[in-house]
Amino acid sequence: MAEAHPVGFQWVMEAKRRGARIIHVDPRFTRTSAMAHQFVPLRAGSDIAFLGALINHVLTNDAYFHDYVVAYTNAAMIVSEEFEDTEDLDGVFSGFDAEAGSYDIQTWQYEGSDAMSAVGGHGPEREPSKSHSREREASRPERTGSGGPVYHGQPETDPTLRHPRCVFQILKRHYARYTPEMVEEVCGVPREQFLAVAETIVANSGRERTTAFAYAVGWTHHTVGVQYIRAASILQLLLGNIGRPGGGILALRGHASIQGSTDIPTLFNLLPGYIPMPHAHTDTDLDAFVAQDEYASGYWGNMRSYIVSLLKAWWGEHATEDNDFCFDRLPRLTGDHGSFQTVIDQIEGKVKGYFVIGENPAVGTANARQQRLGLANLDWLVVRDLNMIETATFWKDGPEIENGETAPEDIGTEVFFLPAAAHTEKDGTFTNTQRLLQWHHKAVEPKEDQRSDLWFYYHLGRKLREKLRTAERTTELRERDRALLELTWDYPTEGELDEPSAAAVLREINGFGPDGSLSSYTQLRSDGSTRCGCWIYCGVFADGVNQSARRKPGREQSPVAPEWGWAWPANRRIIYNRASADPAGRPWSERKAYVWWDEARGEWTGHDVPDFDKGKRPDYVPPEGAVGPDGISGTDPFIMQSDGRGWLYVPAGLVDGPLPAHYEPQESPLSNRLHTHQQRNPARQVYSRPENRYQPSGDEPGAEVYPYVFTTFRLTEHHTAGGMSRWLAHLSELAPAMFLEVSPELAAERGLEHLGWATVVTARSAIEGRVLVTPRMRPLRLGGRTIHQIGIPWHWGSNGLTTGDAANELINVALDPNVHIMETKAGTCDIRPGRRPRGPELARFVEDYRRRAGITELTGTEYSDDPRRTGEGRGE
């Protein structure tokens with residue numbers, strides 16, 4: 001956090017000054033480690049074993065917050081007797097289809113109820129035809145949104161938590177083998193060190209104290225990345241650390257507005273506000289799209305109001321009840337349309353054109369060579385960036401050109417490079433880790449032909465619409481063209497460049513009603529009377545004032561600082577903060593009182609905006625058949641879930657299991673010590689292709705050819721793929737060369753010299769870097785075996801003032817099946833002294849390693865490693 005998120009880390013240092021204890025768990029000793037009270041080195045890719053053992057420690061020592069767990073989680077819900085755990089089936093849950101590599105989740109359901117997947121499901125009478133069932137299944141991961149499943153029926157419960165099939169008892173059995181001894185064997189963390197962490201977290205949790213977790217891509221960039229976060233969520237729920245001040249799980253962001261780019265999404269499977277994209281063949285109309293949600297309790301029950309208000313924001317007067325508010329104009333899903341599938345489609349000639357905005361896939365994305373192969377097969381490519389990055393010049397100076405694999409005249413891609421304006425040259429908002437929108441003002445005008453992204457897209461849309469208006473005068477307008485022509489595209493412009501007003505865009509996102517600007521998403525209506533570009537941002541322009549631009553100093557307001565920027569939803573600084581009070585509405589702790597029920601006033605009040613219906617009494621019991629917010633009782637704080645509970649167990653909504661289980665990374669030097677017949681996540685996404693071969697792992701023949709673990713990391717001195725920093729002299733001087741971090745022990749074992757050259761090789765490629773011999777990299781002892789890890793920064797490429805090989809040349813494309821995130825944080829490799837081969841020798845060098853490891857198109861592609869379940873297994 002100190003290295004990659006230093007602005008946020010200042011508050012960790014402030015907390016430390018006030019007495020907080022800081023623990024850092026990481027494969028590398030970093031700037032964060034230097035400031036922590038305790039540093040815990042562990043093997044990259046083993047975090048679920050570590051977190052699972054913390055969960056087991058809490059359960060076996062009765063250290064969980066009993067009253068919180070019983071009242072606010074699904075611990076008491078009884079699971080179907082058909083459910084079987086990984087502990088029963090040695091590594092997979094019930095419902096696994098080894099041939100398809102996916103789960104049927106029916107056996108994961110609660111006793112006495114049935115659950116559909118989350119928001120955007122299908123009504124009871126709207127099941128898809130058989131001809132579309134396969135396509136619907138392919139899109140299932142994209143349909144979960146951020147809500148839980150919709151229940152039919154009432155789950156059976158046991159508030160005593162003693163029923164053998166209640167979630168609490170299943171949790172205890174599932175993590176029983178996740179012991180300190182197992183942590184030592186799997187993670188390389190000594191037993192005493194682990195117990196020190198466990199005891200500290202327990203001592204700092206409960207009624208009077210809370211513990212916070214902060215993570216970044218070290219947890220998400222794995223084939224089980226979503227389950228890493230789930231494991232942390234389970235631990236925090238057991239300890240009562242969700243919805244309370246000083247608690248929670250903070251997803252640290254690598255850019256200034258990554259949170260904003262998921263809220264107002266740059267993702268293919270979401271609409272603004274985490275509304276899922278409709279499916280091509282099952283969401284045939286608006287009624288079908290919202291049917292399940294209108295049967296649900298919780299705030300997703302208002303889905304029709306959110307989506308209708310969005311459609312009205314986009315098509316205005318043209319969106320009417322008679323035409324389903326233009327719902328049929330939305331894009332449709334047919335499966336995975338993520339970045340890595342798109343690149344494969346480029347290689348196979350299915351994608352002709354590509355916009356690259358603020359990214360640098362030629363060096364900044366996993367398996368960078370595969371990315372360049374895709375770019376080389378396009379008809380046209382638009383790159384908008386601050387500098388002439390590698391994605392803009394791959395066709396003339398990329399590695400494939402240098403190695404003689406191809407030549408510029410062989411690449412037919414027409415590249416358009418359009419200079420972009422920096423954040424200092426435009427107005428707008430950043431949304432940070434805590435969901436806080438902060439307005440930034442333009443400091444200087446962009447120079448020459450540099451333009452903001454807002455300018456580019458607005459004027460591109462304007463020109464396209466002008467062409468359509470010309471066509472409308474001469475020919476009959478096609479319906480698909482009408483969708484573009486009738487968009488609300490009337491933003492005012494400013495200055496000599498005709499820059500669209502970012503404030504006007506934010507006003508549209510905030511939304512309007514019959515009486516002007518809206519102040520809360522609870523004002524949204526399904527009858528077309530409200531417009532709102534993103535329902536969770538409704539209120540950011542309340543009373544016609546840009547709330548995100550507020551800058552009242554902290555000394556002039558409460559510690560919650562409600563008048564610094566604006567946090568979604570409704571300026572709440574902690575979501576689910578109803579959980580900071582007990583079921584009767586009294587604070588769990590007077591010292592940490594946050595929101596509470598005021599009986600005299602008949603409403604919730606406190607230091608923050610209550611994340612609950614303000615007038616809903618703690619003793620409110622929903623009437624039979626109640627849906628939407630009315631279906632949530634006065635003691636259910638998790639208002640976005642249809643049961644109002646925090647989930648220790650997930651009966652629907654994830655595609656790789658209802659509980660986190662330890663699996664080894666796609667490529668690992670160790671066999672799975674917890675599940676001997678299931679090495680990897682059986683539901684992971686794999687794409688075995690000539691340019692994306694996988695390596696053997698564990699005890700598989702050939703794994704010894706790649707004996708070392710590597711993990712990629714960031715430096716404070718450089719930014720992501722280097723497009724903003726490698727062209728700056730002062731930053732290039734501070735971090736002047738690509739380097740490889742190795743321990744003194746590994747350096748001695750492989751003959752590596754400090755500041756000398758070394759080559760790292762995988763089945764994809766080989767790169768070189770200067771050797772940094774440092775005790776910051778520590779060998780780990782696991783079950784009598786020493787494991788060495790190598791740290792590789794990922795900021796370099798061939799352009800700029802400081803140049804070097806890209807770490808992403810090494811990395812395979814194997815993905816988390818829920819969110820299609822690549823595994824960049826744990827892989828295996830070999831390292832040897834000296835510089836890498838050049839020209840055609842590089843390909844022969846990599847191929848020699850593949851041959852020695854016995855790599856084929858089937859290596860590493862098995863969905864299940866247990867012959868009892870799979871027969872011969874199946875590859876891609």
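**Exercise 1. Find which residues sit on the face of helix 9 turned away from its buried side.**

Step 1. On that face, helix 9 carries the exposed residues E192 and A203. Here exposed means over 50% relative accessible area, buried under 20%, and partly exposed in between (1.4 Å probe, protein chains only). Helices (H or I, at least four residues) and strands (E, at least two) are DSSP runs, numbered from the N terminus.

A word on the model before going on: it is predicted, so local features need pLDDT of at least 70 and side-chain atom pairs pLDDT 80 or more, while totals for chains, interfaces and linings use all residues. Residues are numbered from 1 along each chain as its sequence is written, and side-chain values use heavy atoms, leaving out hydrogens and water.

Step 2. Now turn to the other side: F194, L195, V197, A198 and I201 of helix 9 are buried. Seen down the helix axis, the buried residues fall within an arc of 155°, so they line one face of helix 9. The arc is taken from the directions from the helix axis to the C-beta atoms.

Step 3. Why can residues share a face? An α-helix has 3.6 residues a turn, so residues three or four places apart point the same way.

Step 4. Look for the cover: strand 1 (23–26), strand 2 (38–41) and helix 3 (47–60) are among the elements over the buried residues of helix 9, where contact means heavy atoms within 4.5 Å.

**Exercise 2. Decide whether helix 22 is largely enclosed or open.**

Step 1. List the buried residues of helix 22: A502, A504, V505, L506, E508, I509 and N510.

Step 2. Seven of the nine residues of helix 22 (residues 502–510) are buried, so this helix is largely enclosed by the rest of the structure.

Step 3. Move past the end of helix 22 to G511, where phi is positive, near 105°.

**Exercise 3. Describe the backbone at Y274, A561 and P569.**

Step 1. Y274 is not a glycine, yet has a positive phi of about 65°. Y274 lies in the loop between strand 9 (270–271) and strand 10 (275–276), and counts as buried at 16% relative accessibility.

Step 2. A561 also is a residue other than glycine with positive phi, near 55°. Its loop runs between strand 19 (516–517) and strand 20, and A561 counts as buried at 18% relative accessibility.

Step 3. W568 and P569 are joined by a cis peptide bond, with omega about -10°. P569 belongs to the loop between strand 20 (566–567) and strand 21 (595–598).
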